[in-house]
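Dear colleague,

I am handing over the structure below, together with a short account of what turned up when its cysteines were examined. Please read the notes beside the coordinates and tell me if any point needs another look.

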Amino acid sequence: QVQLAESGGGSVQAGGSLRLSCAASGFTYNEYCMAWFRQAPGKEREWVAYINPAGFMAVADSVKGRFTISRDNAKNTLYLQMHSLKPEDTAMYFCAARAVTYCRAGKDDYNSWGPGTQVTVSS
């Protein structure tokens with residue numbers, strides 16, 4: 001079965017950096033769209049970025065210029081490199097997979113989810 005496992009979260013000061021990883025197994029990873037979402041307490045889950053099997057990507061306006069999504073198909077791993085972190089980036093970050101090669105930004109378009117990794121940014 002599809003399994004996703006995030007790692008790399010933690011607590012950082014504003015302006016700092018983190019790299020999140022998502023280890024994938026149980027499916028043909030190089031045929032899936034992969035994405036990152038985040039959710040703060042009391043708020044709806046928010047799309048952050050996606051990347052298709054060829055490496056074409058898109059990021060949300062709120063993180064553009066600061067976050068980069070990438071994937072290593074040989075390792076079945078998805079990454080989110082985060083720079084210039086802000087307190088408003090504080091959230092649980094989730095890895096998601098969509099069983100098609102093209103991507104969407106809606107959370108309902110994704111078939112599988114990891115349990116999440118917490119990112120906390122202090123001012």
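Cysteine 33 and cysteine 103 are joined by a disulfide, with an S to S distance of 2.1 Å, and since this is a predicted model, that value, like the others here, is computed from the model. The torsion about the S-S bond is 120 degrees, which makes the link of cysteine 33 and cysteine 103 right-handed. Distant parts of the chain are linked by this pair, with cysteine 33 placed in strand S4 (residues 33-39) and cysteine 103 in the loop between S9 and strand S10 (112-113), 70 residues apart. As for solvent exposure, cysteine 33 and cysteine 103 are both buried.

A search of the whole structure finds two disulfides, and the other one joins cysteine 22 to cysteine 95, again with the sulfur atoms given at 2.1 Å (S to S). Here the angle about the S-S bond is -75 degrees, and the link of cysteine 22 and cysteine 95 is left-handed. Because cysteine 22 lies in strand S3 (residues 18-25) while cysteine 95 lies in strand S9 (residues 91-98), this disulfide ties together parts that are 73 residues apart in sequence. Cysteine 22 is buried, as is cysteine 95.

How do the disulfides of the chain pair up, with bonded cysteines counted along the chain? They follow the pattern 1-3, 2-4.

With best regards

Methods: Residues numbered from 1 in each chain as written. Predicted model: local features only at pLDDT ≥ 70, side-chain atom pairs only at ≥ 80, totals over all residues. Heavy atoms only, no water. Disulfide = S-S within 2.5 Å. Helix = DSSP H or I, 4+ residues; strand = E, 2+ residues; numbered from the N terminus. Buried < 20%, exposed > 50% of the residue type's maximum accessible area, 1.4 Å probe, protein only.
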